[in-house]
Amino acid sequence: MSDFKKGMILAAGLGTRLLPITKKMPKPMVPVLNIPNILFGLETLKRAGIKEVILNLHHLPYSLENYLADGKQFGMHIEYSRENTLLGTGGGLKKAESFFDKDSFALVNCDFISNIDIKPYFSQHNARGAWASMILHQDETIQQFYAKVGCDTAGRLISLPRCETAKPVKTGIFTGVHLLSPEIFRFLEETPSGINEVLYPRLMKEFPDKAGTFFTENNYWYDTGERFPFWRSSMALLDKLVAGDSMLRDLMTDWLGYEEVKKGVWVFGKEKVPADVEIHGPVILGKNLRVAPKSVLGPYAILADDCSVPHRAEITKTIAMPGSTLTQDRVADCLWHGEALLPL
């Protein structure tokens with residue numbers, strides 16, 4: 001019972017905090033380091049030995065279905081659960097119940113990036129006899145910006161933002177990863193609801209030994225769910241990539257086909273580094289770029305596919321979404337979408 005064979009990624013949300021980017025692109029497809037966000041969730045599961053995955057879909061579902069297909073190109077098997085009405089994390093999980101068997105499984109959000117290894121917690125979850133466990137992260141520098149989740153000395157979940165059964169002895173940030181056992185389905189209904197509102201409070205009050213927590217150690221965790229955290233996280237992840245982070249490098253090279261043509265300069269496949277352009281890493285350059293001569297790219301420039309850069313431009317600490325046309329010749333500390341410079 002220590003192995004988890006299946007997982008689910010919550011991919012149905014509207015992504016309103018990333019508008020207007022998510023108007024025509026679902027949040028799981030928004031690129032971080034030019035990597036569609038959904039691939040980070042899939043990599044987290046795959047590294048834990050989980051290769052059978054279901055995604056719930058609602059907003060722009062064809063985008064994900066067309067990109068991922070049946071998952072074979074990523075060495076996985078992927079199925080989909082379409083939601084005509086957005087069901088939330090609780091109702092969406094209940095709708096997908098038939099995908100799961102009698103074993104425990106992982107449930108993962110799609111708006112974070114982390115190198116968390118979730119596999120070591122599988123046997124502990126089952127050994128505790130837990131039905132639901134949250135994986136938490138401690139980081140004093142960012143903890144003030146997020147709601148805290150707390151536990152007692154035994155690791156039992158006792159404190160959520162809207163429900164507390166006792167004073168916690170330890171708190172952390174919820175990473176977006178749940179470890180769940182099939183018993184939880186009896187607490188859920190196929191109606192719009194949130195798992196943190198309908199499942200965990202009941203367990204905390206009625207079955208206190210069945211709701212647990214785990215704290216990660218020596219891991220990073222980045223939020224990509226809204227503009228400024230998305231930009232800030234991307235800049236930090238660029239440093240991780242250059243430093244040799246194995247998960248990021250595997251995604252860049254094995255999953256997407258990027259090459260590091262020189263230290264800190266990543267280029268898609270056989271694309272040529274633009275001639276007569278000055279480049280300072282770390283930089284990531286997508287395909288089909290149109291970069292005018294005498295431009296300076298980087299440091300900290302991420303240009304997605306089909307972007308245009310004007311003559312003699314200087315681009316630093318900038319992220320450009322696919323198809324963006326940069327209309328200013330000097331940009332820094334910004335997020336670009338189409339022809340619009342989005343405020344952070």
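This passage describes two pockets, a helix that helps to line one of them, a strand hairpin and a buried asparagine in a predicted model.

The largest pocket of the model encloses about 1,200 Å³ of space, and its lining is made up of 39 residues, of which Arg17, Thr89, Asn109, Asp111 and Asn196 lie nearest the centre. Four elements each give two or more residues to this lining, namely helix H3 (88-95), strand S12 (170-180), helix H5 (195-198) and strand S14 (221-223). The greatest contribution comes from S12, which supplies five residues. When the lining residues of the largest pocket are sorted by class, 20 are nonpolar, 12 are polar and seven are charged.

The second largest pocket has a volume of about 310 Å³, and 14 residues line it, with Asn34, Pro36, Tyr67, Leu256 and Asp305 the closest to its centre. The lining of this second pocket comprises 10 nonpolar residues, together with two polar and two charged ones.

Helix H3, one of the elements that line the largest pocket, also has a buried side to its description, since its buried residues can be listed as Gly90, Gly91, Gly92 and Leu93. These buried residues of H3 pack against strand S1 (6-10), strand S4 (52-57) and strand S6 (105-108), and also against S12 and H5. Both S12 and H5 are named among the elements that give residues to the lining of the largest pocket.

Elsewhere in the chain, strand S15 (residues 258-262) and strand S16 (residues 265-268) pair in the antiparallel sense, and four bridges are found between them. Within this pairing, Lys262 stands opposite Val265 of S16. The two strands form a hairpin with two residues between them, and in this hairpin Gly264 adopts a positive phi near 80 degrees.

A final point concerns Asn37, a residue of helix H1 (residues 37-47). Is Asn37 buried or exposed in the model? The relative accessible area of Asn37 is 2%, and because buried residues are those under 20%, Asn37 is counted as buried. Leaving aside residues up to four places away in sequence, Asn37 touches Lys27, Pro28, Met29, Val30 and Val32, and it also touches Cys110, Asp111, Phe112, Ile113 and Thr224. One of these contacts, Asp111, is also listed with the residues that lie nearest the centre of the largest pocket.

Note on methods: Residues are numbered from 1 along each chain as its sequence is written. This is a predicted model: local features need pLDDT of at least 70, side-chain atom pairs count only at pLDDT 80 or more; totals for chains, interfaces and linings use all residues. Side-chain values use heavy atoms; hydrogens and water are left out. On a 1 Å grid over the protein atoms alone, a cavity is a set of points where a 1.4 Å probe fits but cannot get out, and a pocket is an open set with protein on both sides within 12 Å along at least five of seven lines; lining residues have an atom within 4 Å of a point. Grid points are joined across faces, edges and corners, and a volume is the space filled by probe spheres set on the points. Ala, Val, Leu, Ile, Met, Phe, Trp, Tyr, Cys and Pro count as nonpolar, Asp, Glu, Lys and Arg as charged, and the others, Gly among them, as polar. Buried means under 20% relative accessible area, exposed over 50%, partly exposed in between (1.4 Å probe, protein chains only). Contact means heavy atoms within 4.5 Å. Two strands pair if DSSP finds at least two bridges between them.
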